[in-house]
Amino acid sequence: MAHLRLLLSHSRCHPHPHRLLPLFRFCSSNSSNSPPPPIKPVSYAPKPQAPPPSPPSPEPPTASPDPQDPLPRRFQQQPQPQNPPRQFTRQEMRFSNESGPAIAPVSYPSRAAPLPEDRPADEGANEEDLRGEGERIEKEAQWGRRPVFGLQVEEETVPYPTLIPVVKRPQKVAIDLVDALREIKASANEKKRNFTETVEAHVMLGVDPRRGDQMVRGAITLPHGTGKTVRVAVFAEGPAAEEARAAGADVVGGDELIEEIRKGGGKLSFDKCIATPMYMPRLSKVARILGPRGLMPNPKLGSVTNDVSGAVKAAKSGRVDFKIDKTAIVHVGLGKVNFSEESLRENIGAFVNALLLAKPVGLKKTSKYVGYVKKFTLSSTMGPGFSVTIPSLSAAADNYTKVQVN
C-alpha cells in the first residue's frame, strides 16, 4: 500500500506518463514475492564432561621374591593401571583444563647468610691450620732479613702517607703609587745588579683580544724618556733621507738597506723603524723579519709618515708603543730605577692617559676604569711586583693632563 500511495502522489504532481515508468518498474520489482534464501542451522559440539571419580581399587598382594625365578624384577611385566589417562581430541582440548601438562610450583632456597651462632662447627677455621700459617709467614720474613755477605740488612721503614695541606700565598694588597715606587727602589738597591733595572708596568685589561673591535694598542712619548739609547732606522731617499740624518737617525737607506736586512740572517742594528709611504710596498720583502720583532712600520703608530724629522725626534726622546697580548695584558717599560719618583710618576701618568685614550668603543662601562683596567702592577726587571690602586693612577693621569694643557 505504501508503494501505491507513493505512485498516486507522484502522478498528481507529474501528469506526464513517461516520467512514471521508472517508478512503476521499481515498485513492481519490489512487490514480486521472491522466496527468501535458505538458512542452514548451525550446531556446536557439546562441552565434554569430566568422568566421575572411580573408587580406589585394592592393591594386589605383592609376592615375595622367588629365589628360583630366573628373571629379575626390572624385566618382569608391570601391571597396567585400571584407569589410563584419557586422550582428548583437538576440539575437546579447547574446553578442557586437564589436557595440558601439569606445572608444579618451584621454590628457590633463600640466599640470606646464616648467623655466626647458626653455623655448624665444621665450617670454623682450625686453630692448628692458623698456627701453621703464622709460622710459615714468620719463616718467610726471617728469610728476607737474612744477612748478605755477613752484613745484616736493615729493614726499611716506610712512613705512613699523610696529606700535605696546600699553603696559599696571601694576596698582595694594592698600595698607593708613591709607595709602590719607593718599594721598587728599595728592592733594587738591596740587590746590586750589573745593569740598571727598568721600571715595568703590567696592566690586565677587561677586553677580549680575540675580537677585532676590542683591540688595544697605541703609542706615547714619555715626558722624561725611557732612559735608554734608541737606535732609529729610516727607510727614505732624497730630501727625506737628508732630513732624517739631520734629526739624528742612526741608519738611513733605501733598497740597499732592505737587501742588507734580508741577507743579514736576522741581525739588526736598530731598535725603531720609520718609513715613508712610498717604501711600504718594498718592505714586504722583510716583513717576516721585522713583523715578529715589532719593528714593522705602522701608520696607526706614527712610524709611517712624510714628516721624517719629527718622527725621529719623537723616537729619540722616548716614544713607547704598547699593545695587548693574547692574555689581554699590556707590558711596557716606563723608565729606569735611577729616575726620581716625580719623573717616574709623570711617565706613569702619561701612559695611563694614553691607555684611556686607546679604550675600545665597543666596551660600554659607566666609568673610565671600572671594567677596563682590572689590575695595574709595577715592578723592576728582576724584582717583585706591587699592585697599585686605581685612584692613585687616576690622580697621576689627571695631573699629566693639566700639565699638558698649561
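**View 1. The lining of the largest cavity is made up of seven nonpolar residues, with no polar and no charged ones.** This is a predicted model, and a search through the whole of it turns up one cavity of 30 Å³ or more. The volume of the largest cavity comes to about 40 Å³. Around it you will find Val 352, Leu 355, Leu 356, Tyr 369, Val 373, Phe 376 and Leu 393. Helix α9 provides the largest share of this lining, three residues. Both α9 and β8 supply at least two residues each.

**View 2. Four strands make an open, antiparallel sheet in the order β7-β1-β8-β9.** The edge positions belong to β7 (329-336) and β9 (385-387); each has a single partner strand, so one side of each is left without a neighbour in the sheet. On average, neighbouring strands here are turned by 25° against each other, direction ignored.

**View 3. Here we zoom in on the pairing of β1 with β8, which is antiparallel.** Strand β1 covers residues 198-205 and strand β8 covers residues 373-379, and six bridges connect the two. A handy place to start is Val 203, which stands opposite Phe 376 in β8. You have already met Phe 376 in View 1, as one of the residues lining the largest cavity. Helix α9 (residues 341-357) packs on the sheet and touches β1, β7 and β8. The direction of α9 makes about 150° with that of β7.

**View 4. Helix α4 lies across β8 and β9.** This helix spans residues 177-190. If you follow α4 along its length, you will see that it runs at about 35° to β8.

**View 5. A second scene shows an open sheet of three strands, ordered β4-β3-β5 and paired in parallel.** β4 (251-253) and β5 (272-275) stand at the edges, and each has a single partner strand, so one side of each is left without a neighbour in the sheet. From one strand to the next, the twist averages 15°.

**View 6. This close-up follows β3 and its parallel partner β4.** Strand β3 takes in residues 232-235, and three bridges join it to β4. Within this pair, Val 234 stands opposite Val 252 in β4. Helix α8 (residues 308-316) packs on the sheet, where it touches β3 and β5. The direction of α8 makes about 165° with that of β3.

**View 7. The largest pocket has a volume of about 960 Å³.** Its lining counts 36 residues, and those nearest the pocket centre are Asp 271, Lys 272, Gly 294, Leu 295 and Asp 321. The elements giving two or more residues to this lining are β5, α8, β6 (319-323) and β7.

**View 8. Which strand gives the most to the lining of the largest pocket?** The answer is β7, with six residues. Keep in mind that β7 is also an edge strand of the four-stranded sheet in View 2. Sorted by class, the pocket lining holds 15 nonpolar, 12 polar and nine charged residues. For the largest cavity in View 1, by contrast, the lining has no polar and no charged residues.

Key
Residues are numbered from 1 along each chain as its sequence is written. This is a predicted model: local features need pLDDT of at least 70, side-chain atom pairs count only at pLDDT 80 or more; totals for chains, interfaces and linings use all residues. Side-chain values use heavy atoms; hydrogens and water are left out. Two strands pair if DSSP finds at least two bridges between them. Axes are lines fitted to C-alpha atoms, for helices over the stretch in contact, and angles run from 0 to 180 degrees between N-to-C directions. Contact means heavy atoms within 4.5 Å. On a 1 Å grid over the protein atoms alone, a cavity is a set of points where a 1.4 Å probe fits but cannot get out, and a pocket is an open set with protein on both sides within 12 Å along at least five of seven lines; lining residues have an atom within 4 Å of a point. Grid points are joined across faces, edges and corners, and a volume is the space filled by probe spheres set on the points. Ala, Val, Leu, Ile, Met, Phe, Trp, Tyr, Cys and Pro count as nonpolar, Asp, Glu, Lys and Arg as charged, and the others, Gly among them, as polar.
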